[in-house]
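Here are some exercises on charged side chains and surface patches. Try each task with the model open, then follow the steps of the solution.

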Amino acid sequence: MQSNFILPIYLCTWIKKRIMADSTLRKYIWLINTILDGGKLTFNEISDKWDNSTLNYKGTELSKRTFHNHRQAILTELGVDIQCTSMRENSQYYIANREEIEDNDVLKWLSDSMATESLLIDNKSISDKIVLESIPGGREWLPIISKALRDNLRIVFQYKSFHTFENNQTERVLEPLCLKLFKQRWYILGQTVEGKRLIFALDRIAKLELTSECFLYPEDFSAKSFFADFYGICSDGYSQPTRVVLKCYREFPKYIKSLPLHQSQEELDHGDDFTTFGYYMSPAYDFIQEIMSHGDDIEVLTPIWLRDLIKVKIHSLATLYK
């Protein structure tokens, strides 16, 4: 049966432009990843890799003109500088400012996502042998929130908190400041009209709309700086930034070294079956939950108030199993 649903012309045009933009960005990320993996590559080597790329489903040839246009666009739009060793025919291309990728969280996320996507596409035959974590929801609100962030527009939404004293959905008006992904959930940080800053999980939003009301984005606000002092998305009044020392036992220090709990992590001491790590951070709810999730692999040495709080929680947990 033929469908009577027809997209409006302007929507078809928008979708076409969006697909083209996404496709172009994917090519940029592919080129960055290819050169990063290769270290230094000639144009012919890059062209050969493009011939075998899953992105090249049409089998198009990578011309030098297109390659150099991509180089310029990558520098202008993403800040990644692809340089060549010389002007000779077999000159090699390399990333001149690799630190730009290391310091750019969004670019790293795009790069990692692209690499994962390519892996999944290349291995469709074993898709049943690759298990991924699911995101609870909320992704449908990302386009609206992204526009609000770009144009500094207020949003209005219905929100249901997990707190027992706030079971009913409440309507919120928010001036969005940034988005954050933490443990498979998207969160939005924003400020109320009165200037109070709050964090909301996107999967608990029932309805969200963009308003036509503009707001003045705070010039002194930095998303990275806001989250720099604590782990996750929770901050509270009593846990101010302080020195935290953790003692990790047995094999667990290897995991902590490979995936630091916080950007301030430093190794202080080690013995036969332990290593101590130091941090400067605000040990709020998410950090406490993370520590407790590792059981007796982690011991809090300082601050004393945090050690005592963990002790109380452990006692409460033991009481449940009596």
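**Ground rules.** This is a predicted model, in which local features need pLDDT of at least 70, side-chain atom pairs count only at pLDDT 80 or more, and totals for chains, interfaces and linings use all residues. Residues are numbered from 1 along each chain as its sequence is written, and side-chain values use heavy atoms, leaving out hydrogens and water.

**Exercise 1.** Classify Leu 317 by accessibility and place it in its helix and patch.

*Solution.*
- Step 1: Leu 317 counts as partly exposed, because its relative accessibility is 42% (buried is under 20% relative accessible area, exposed over 50%, partly exposed in between; 1.4 Å probe, protein chains only).
- Step 2: Leu 317 sits in helix α10 (residues 304-320); helices are DSSP runs of H or I with at least four residues, numbered from the N terminus.
- Step 3: With Leu 320 and Tyr 321, Leu 317 forms a nonpolar surface patch of about 410 Å² accessible area together (patch residues have over 30% relative accessible area and no salt bridge, and nonpolar side chains are joined within 5 Å; areas use the Shrake-Rupley method with a 1.4 Å probe).

**Exercise 2.** Examine the salt bridge between Lys 183 and Glu 290.

*Solution.*
- Step 1: The side chains meet at 2.9 Å, N to O (the criterion is a side-chain nitrogen of Lys or Arg within 4 Å of a carboxyl oxygen of Asp or Glu).
- Step 2: The partners are 107 residues apart, with Lys 183 in the loop between β5 (170-182) and β6 (185-191) and Glu 290 in helix α9 (residues 285-292).
- Step 3: Lys 183 is exposed at 52%, whereas Glu 290 is buried at 11%.

Terms used. Patches are made of residues with over 30% relative accessible area and no salt bridge: like charges are joined within 9 Å, nonpolar side chains (Val, Leu, Ile, Met, Phe, Trp, Tyr) within 5 Å. Helices (H or I, at least four residues) and strands (E, at least two) are DSSP runs, numbered from the N terminus.
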